[in-house]
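Reader: I have a structure open here and would like some help reading it. Could we go through it together?

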Amino acid sequence: MIMAVISLAIMAALVVADQLIKLLVTNVLQPVGMVDVIPGFLDFRYVRNFGAAFGMMEGKTWFFLIVTSLICIALIIGLFWYKKHNWLSYTASILIVAGGIGNLIDRIFNEGHFVTDYIHVSFFPPVFNFADILVTLGTIGMVIYVIFFTTKKGKEMAKKEKQE
């Protein structure tokens with residue numbers, strides 16, 4: 001129970017960080033459009049994303065609001081209900097929910113229901129944000145958790161590694 005409460009506090013801190021970064025981007029970066037950080041590799045640019053990853057499903061705001069809300073609610077309930085958490089499942093849940101709520105706030109409060117994106121790397125065309133990074137890392141962590149800590153084969157592998 002205490003870890004669930006700590007997880008909620010960490011989620012809140014990450015959401016605040018995401019919103020502060022987006023506020024900074026909107027106030028500082030929007031007027032100039034783009035800033036090269038590492039020329040030819042990394043730049044920050046102000047982008048309004050009306051869709052999902054890669055700009056897919058543009059204009060499906062209600063879909064994103066509902067799906068994101070349901071996933072976040074399910075993971076928060078899981079923090080209190082699921083009894084076999086480990087550091088990875090807690091971390092993955094924290095990252096997914098914090099990133100989801102960060103982008104959910106954008107979709108609800110930005111006029112036009114867009115998400116503010118600002119990170120661009122040369123080898124990855126879409127522009128993304130801190131919340132997207134959280135969701136991506138959390139999802140990877142959750143997949144690893146499910147594969148290696150909840151399946152019979154994964155549990156056997158973990159036991160074998162402990163014995164060695």
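Author: Certainly. Please keep in mind that this is a predicted model. Let us begin with the sheet: it is open, has four strands in the order β1-β2-β3-β4, and its pairing is antiparallel.

Reader: Which strands are at the edges?

Author: The edge strands are β1 and β4, each of which pairs on one side only. On average, neighbouring strands of this sheet are turned by 35° against each other, with direction ignored.

Reader: What does α1 touch when it packs on the sheet?

Author: Helix α1 touches β1, β2 and β3, and its direction makes about 70° with that of β3.

Reader: What holds paired strands together, in general?

Author: Strands of a sheet pair through backbone hydrogen bonds, and they do so either parallel or antiparallel.

Reader: How many bridges are there between β1 and β2?

Author: There are four bridges between β1 and β2, which pair in the antiparallel sense. One example can be found at aspartate 36, whose bridge partner in β2 is aspartate 43. The two strands form a hairpin with three residues between them, and glycine 40 there takes a positive phi near 80°.

Reader: And how many bridges join β3 to β4?

Author: Two bridges join these antiparallel strands. If you look at isoleucine 119, you will find that it stands opposite phenylalanine 128 in β4.

Reader: Let me change the topic to charges. How many salt bridges does the structure hold?

Author: It holds three. In one of them, aspartate 18 meets lysine 22, with the closest N and O atoms 3.0 Å apart. Both residues belong to helix α1, which covers residues 2-32, and they are four residues apart, about one turn of the helix.

Reader: Are aspartate 18 and lysine 22 buried or exposed?

Author: Both aspartate 18 and lysine 22 are buried.

Reader: What other partner does lysine 22 have?

Author: Lysine 22 also forms a salt bridge with aspartate 106, where the closest N and O atoms are 3.1 Å apart. Lysine 22 lies in helix α1 and aspartate 106 in helix α3 (residues 87-109), so this pair ties together parts that are 84 residues apart in sequence. Aspartate 106 is buried, as is lysine 22.

Reader: Where is the remaining salt bridge?

Author: The side chains of aspartate 43 and arginine 45 meet in a salt bridge, at 2.8 Å from N to O. You have met aspartate 43 already, as the bridge partner of aspartate 36.

Reader: Why does aspartate 43 count as buried?

Author: Aspartate 43 counts as buried because its relative accessibility is 7%, and the cut-off for buried is under 20%. Arginine 45, by contrast, is partly exposed, with a relative accessible area of 25%.

Reader: Which residues are joined into one network?

Author: Asp18, Lys22 and Asp106 are joined into one network by salt bridges that share partners.

Reader: What about the surface? Which residues form the nonpolar patch?

Author: The nonpolar patch is formed by Val32, Val35, Val37, Ile38, Phe41, Phe44, Phe123 and Phe124, and together they have about 700 Å² of accessible area. Strand β1, residues 34-38, gives the most to this patch, with three residues.

Reader: Where is phenylalanine 123 found?

Author: Phenylalanine 123 is in the loop between β3 (115-121) and β4 (124-128). Phenylalanine 123 counts as exposed because its relative accessibility is 61%, and exposed means over 50%.

Reader: Returning to helix α1, what can you tell me about alanine 9?

Author: Alanine 9 has its place in helix α1 and is partly exposed, with a relative accessible area of 47%. Its C-alpha atom is separated by 9.3 Å from that of isoleucine 94, although the two residues are 85 residues apart along the chain.

Reader: Finally, how many helices and strands does the protein have?

Author: Its secondary structure comes to five helices and four strands. From the N terminus on, the elements run α-β-β-α-α-β-β-α-α.

Reader: And what are the overall figures?

Author: The C-alpha atoms fill a box of roughly 55 × 35 × 30 Å, taken along the principal axes. Of the 164 residues, 37% are buried. The protein exposes about 10,200 Å², and carbon and sulfur atoms supply 73% of that area. Among contacts with a separation of 6 or more, 65% are between residues 24 or more positions apart.

Definitions and conventions
Residues are numbered from 1 along each chain as its sequence is written. Side-chain values use heavy atoms; hydrogens and water are left out. A salt bridge is a side-chain nitrogen of Lys or Arg within 4 Å of a carboxyl oxygen of Asp or Glu. Buried means under 20% relative accessible area, exposed over 50%, partly exposed in between (1.4 Å probe, protein chains only). Patches are made of residues with over 30% relative accessible area and no salt bridge: like charges are joined within 9 Å, nonpolar side chains (Val, Leu, Ile, Met, Phe, Trp, Tyr) within 5 Å. Accessible areas come from the Shrake-Rupley method with a 1.4 Å probe; for residues, only the protein chains shown count as cover. Two strands pair if DSSP finds at least two bridges between them. Axes are lines fitted to C-alpha atoms, for helices over the stretch in contact, and angles run from 0 to 180 degrees between N-to-C directions. Contact means heavy atoms within 4.5 Å.
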